[in-house]
Amino acid sequence: MSLVYALTFSPIKLYLFSNSTNIPGVNYQKDTLMVTRLNKKAFDSRLTDPQTAIQVAGNALQFAKRINHLPGIAEAYRVTGLGFSYLENNSMATKNYIEALRCYQQLNDDKNIAKTYNNIGSLYKYNDPDKALNYFSKALKIAGNIHDEELVAGMYFNIALIYSRKSEHNKSLVYFGKSDSIFRKLKDTISTIIYLQNTGRVYHKLHKIDSAKSRLNRAIQAAKGLQLYSTLSGCYLTLSYIYLEQGEFHLAEKAIEEGLKYARKVKNPVLDNDFIRVTYELELKRKDYQKALKYLSLAYHNDSLLLNENQSANIEINTRHYLQQQKIQEKELIITEQKYRAATNRWIITSGILLVLLSVIALLIWHYLREKRRKRDEIIIQSKINSLEQKALQAMMNPHFVFNVMNSIQHFMNQADARTANQVLSGFARLTRKHLEICMNSTISVHEELVYLQLYLSLEKIRFSDKMRYEVTIDKDIDTEEILIPSMLVQPFLENAIWHGIMPKEDGGLIKLQFTMDGTDVLISIVDDGVGISNSESLKKTSHISRGMALIRERVGLLNRLSKRHIFIDQQQTGEYGTAVLIRIPV
């Protein structure tokens, strides 16, 4: 049984199913059994070897398509999605789950519809717990209606995970308890092990350390016999944090070593990087700042690679895109069937009706081609925006800035100022984590933007001391949690204000960052009393244009092409000295 019924998607096709027993060269009964065996083999290996699960499910999908066996096709898609889900490839998981859901809905298969809802909910559990809870509740309702205890237990378990994610730990334990009572009744050993792992994590969050350790160690002993490598690595990761909090550094190091061994067996780069992060925190607590800096740099490098691999893994956008593609193809199928019926009956159609029909068909084709061209242009623009967002990410956390921070840390360490070195190192770690969080989305809340900008300004303040001062104000009418703005838009202007406005002044200066509302628009102003943009340009030895500024203006231009309400940016010198930047964003 699977606690988390996960998802996958190949290019969407609409299948017309007929009596497959008449297909030449096909032994329908034998091939159907082969499809069932392959799907079961793939499902059984999803936890221990997700790559093998994907490969075997792919073979099952080929057999099922050859004989037009819809249940086998649906399950192959779903199991492939499970494999991609355990490999953290949410984009491919989403594609396969939606294709599986479409097939199961054609079959009116309530049990597997519930499983697939559960799978989709599992993809949302980290970035949108409320939406995940909605999918799990749908699945639980169906499972209850069909009296499927195994499914009900899985739903209880996943709902418990969501409440744990939302820090409602006592409610989480209630649902974990409901699921475990069914697991034990069904003698589901694997699910009981995973129950111990997850409740151990909850007890850790509740600071009931003895209970947490007991459950995690019981899970480890049982999981080793079944080679549940993902579960083993997860248990050791939680134990390493427990030992770290208790100051038992040797035990923490041993837990990290064991967990990393199992994480690499699963070949999950996200798990691998989690252990690098906890190693960084271990060295930071040991006050070995040189090693801590080494692991932080490695984690930052790995996060960048993971970001590049998963830049398109926005579940909501992918889901909406593939559902739209299905609707378009269904319309094409209807049009094709209409053409066929018209062709078979054209001997009774008068010449006038034929002309009208041909005109309608031509109009539909023209409309379809026009819509297809428009969608293609939108996809091209969105692709350019995604590319510019990636370049903006690289420009914001540029090597020059990173190396300057590293040099600052080294300077304070050489000065035996461990407190300031630790302050800079911790600030840089928080800035890097927040930087990677916000760049995963095209839009972020005003609150997230403020947190990131204040982290950046505070780090620069430590580096430049009294030479740079800053003030941040926000209008009380702004709902910082609800209002969304494009990510990675403001920081390059602050960086320009520091480096081209304040730094050229001998006595330094002040930067004022202000967020206000003007009707339904958010106004962001950045004002400095530096040398002034015109003076700064005249002081430059070359006509170099800031890469960050060029990326922002190109990206804003593309965003404005996709929206009727445009973003406006105005930048000018305020007088003899000083520069003011005004960004107007419609919401």
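**Exercise 1. Find which residue in β7 is the bridge partner of F568, and work out how β6 and β7 are joined.**

Step 1. Go to F568 and look across to β7: its bridge partner there is R584.

Step 2. Now take in the strands as wholes. β6 covers residues 568–573 and β7 covers residues 579–586. They run antiparallel, with six bridges joining them. Two strands count as paired if DSSP finds at least two bridges between them. Helices (H or I, at least four residues) and strands (E, at least two) are DSSP runs, numbered from the N terminus.

Step 3. Check the turn. Five residues lie between the strands of this hairpin, and G578 takes a positive phi near 90°.

Before going on, keep in mind that this is a predicted model: local features need pLDDT of at least 70, side-chain atom pairs count only at pLDDT 80 or more, and totals for chains, interfaces and linings use all residues. Residues are numbered from 1 along each chain as its sequence is written, and side-chain values use heavy atoms, with hydrogens and water left out.

**Exercise 2. Work out which strands β5 is joined to, and by how many bridges.**

Step 1. Start with β4, residues 509–518: eight bridges join it to β5, and the two run antiparallel. At one position D518 stands opposite D521 in β5.

Step 2. Look at the link between them. β4 and β5 make a hairpin with two residues in between, and G519 in the turn has a positive phi of about 70°.

Step 3. Now β7. Eight bridges join β5 to β7, again antiparallel, and I526 stands opposite V581 in β7.

Step 4. Ask how covered β5 is. Seven of its eight residues are buried, so the strand is mostly covered; buried means under 20% relative accessible area, exposed over 50%, and partly exposed in between (1.4 Å probe, protein chains only).

**Exercise 3. Trace the salt bridge between R565 and D521, and find which residues share its network.**

Step 1. Get the distance: the closest N and O atoms of R565 and D521 are 2.8 Å apart. A salt bridge here is a side-chain nitrogen of Lys or Arg within 4 Å of a carboxyl oxygen of Asp or Glu.

Step 2. Place both ends. R565 sits in the loop between α22 (547–562) and β6, while D521 is in strand β5 (residues 521–528). The pair links distant parts of the chain, 44 residues apart.

Step 3. Compare their cover. R565 counts as partly exposed because its relative accessibility is 41%. D521 is at 12%, so D521 counts as buried.

Step 4. Widen the view: D518, D521, R565 and R584 are linked in a network of salt bridges. The whole structure has 17 salt bridges.

**Exercise 4. For the salt bridge of E283 and R286, decide which end is buried and which is partly exposed.**

Step 1. The closest N and O atoms of E283 and R286 are 3.4 Å apart.

Step 2. E283 has 6% relative accessibility, so E283 counts as buried. R286, at 32%, counts as partly exposed.

Step 3. Try another pair, E168 and K171, with closest N and O atoms 3.5 Å apart. E168 is partly exposed because its relative accessible area is 29%. K171 is partly exposed too, with 39%.

**Exercise 5. Locate the largest nonpolar core and the residues with the most contacts inside it.**

Step 1. The core has 88 residues, and those with the most contacts inside it are Y117, F157, F176, L239 and F275. A nonpolar core is a set of buried Ala, Val, Leu, Ile, Met, Phe, Trp, Tyr and Cys residues joined through side-chain atoms within 4.5 Å.

Step 2. Which helix gives the largest share of this core? Helix α7 (residues 149–165) does, with eleven residues.

Step 3. Zoom in on F275. Leaving aside neighbours within four places in sequence, its contacts (heavy atoms within 4.5 Å) include S233, Y236, L237 and A255.

Step 4. Apart from this core lies another, of 53 residues, among them I483, V522, M549 and I567.

Step 5. Finish with the whole protein: buried residues make up 48% of its 587 residues, and there are 22 helices and seven strands.
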